[in-house]
Amino acid sequence: MNQHDENPPQANARHEEIDWLKTPYYDGKDTLLKQQPYCYACKDQIAGLKRCSRCNVAWYCSAECQKKHFEIHREVCKQVAKDRKNMEQEAVVIRNWYNEDTNAFENLLETRVGDFPSPDTHDYLEARHCLADDLWDVAYDFGVKEVWEKSRFHYQELLRLDAKSPVLLRYRLPYILLYLNRDDEAFSYIRYWLNFDKLDEEEILTRHRQSREGEWLYPIEPNCRFLDIFQECPPIKNQREAAPFYGDRYHQDAYCCSPRCYFTCTRFRFDSNRRHQAPTSTIHHSRNACWY
Ligand SMILES: [Zn+2]
Ligand SMILES: [Zn+2]
């Protein structure tokens, strides 16, 4: 018996099942988030599902289902396995890095936290970023919480290793937090980066240096998701840096009436961009004529 008959999981639902221009699908919860894995082929959520042994982030109820789904799954499966292996290989190198000044080996994953980027760590960072992106792709298509969490973990760790993480690395985490229905964290995180210029650099670096693997490093205020992100953040000095969070505020032609709306629209924008379909005019809106 399928436990979720009333709300069966939809493979690739984000791509196929929703009319993006008409359906306000965010009402405080991401309805596509699946707490438990399910068979990616027949969508059954039963006990005893088997995990794909190559990528570890796909589940099937039977060998037949796995075979049936293989055409769809093959590329991403290969990619996840390859990038995970790359990351592990690069990790071996930086865990045993020879420091010519001290004539000793050191583990850069411990000694360089916060100030990580360098020619020595470049390949590791790149490999881990690729893996985080692959996991995002699988999580995005199938909505399984465990896979979102894995992707979140890698992005969050990349951000912890580099206290001044580049924009490209910063902007994905809030989306993942939203997909996981962790809106307060998403809001706090966005606010943190938009106020980053005002923070004390030395203090930030110390916090990163002293942190442990997996630790969340951004201040969280309970229920802050109900605040207005535009009032919470200073006028943007560096528009390029703020653009991924503000969306079209970069061009000064889109404003949101509330964080919820902002989140919705940002999600919407993101999903639309990903699908290369929605005309941008439906995404743009102003405080007076908010889409919601
Ligand atoms: Zn199945
Ligand atoms: Zn696989």
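Q: Are Cys52 and Cys55 buried or exposed?
A: This is a predicted model. Buried here means under 20% relative accessible area. Cys52 and Cys55 both fall in that class. The pair is buried.

Q: Which residues coordinate the zinc ion (ligand 2)?
A: The donor atoms sit at 2.1 to 2.4 Å from the metal. Three are SG atoms of cysteines, and one is the NE2 of a histidine. The residues are Cys52, Cys55, His73 and Cys77.

Q: How are the donor residues of the zinc ion (ligand 2) spaced in sequence?
A: The donors run from Cys52 and Cys55 to His73 and Cys77. Written as a pattern, their spacing is C-x2-C-x17-H-x3-C.

Q: What is the geometry of the site of the zinc ion (ligand 2)?
A: There are 4 donor atoms, with angles of 101 to 123° among them. Four donors count as tetrahedral if all angles lie between 85 and 135 degrees, so the site qualifies. The geometry is tetrahedral.

Q: Which helix gives the most to the largest nonpolar core?
A: This core has 59 residues, and those with the most contacts inside it include Tyr40, Phe116 and Trp148. Several elements each supply at least two of its residues, among them strand E2 (59-60), helix H2 (63-95) and helix H4 (122-142). With 11 residues, the top contributor is H4.

Q: Why is helix H7 (residues 172-179) largely enclosed by the rest of the structure?
A: The buried residues of H7 include Arg172, Pro174 and Tyr179. H7 is largely enclosed because its buried residues number 8 of the 8.

Q: Which residue with positive phi follows H7?
A: The phi of this residue is near 60°. The residue is Asn181.

Note on methods: Residues are numbered from 1 along each chain as its sequence is written. Chains are lettered from A and ligands numbered from 1 in the order in which they are written. This is a predicted model: local features need pLDDT of at least 70, side-chain atom pairs count only at pLDDT 80 or more; totals for chains, interfaces and linings use all residues. Side-chain values use heavy atoms; hydrogens and water are left out. Buried means under 20% relative accessible area, exposed over 50%, partly exposed in between (1.4 Å probe, protein chains only). Helices (H or I, at least four residues) and strands (E, at least two) are DSSP runs, numbered from the N terminus. A nonpolar core is a set of buried Ala, Val, Leu, Ile, Met, Phe, Trp, Tyr and Cys residues joined through side-chain atoms within 4.5 Å. Donors are N, O and S atoms within 2.8 Å of the metal (3.2 Å for Na, K and Ca); water is not among the atoms, so sites may look incomplete. Four donors count as tetrahedral if all angles lie between 85 and 135 degrees; four count as square planar and six as octahedral if opposite donors are over 155 degrees apart and all others between 65 and 115; anything else is irregular.
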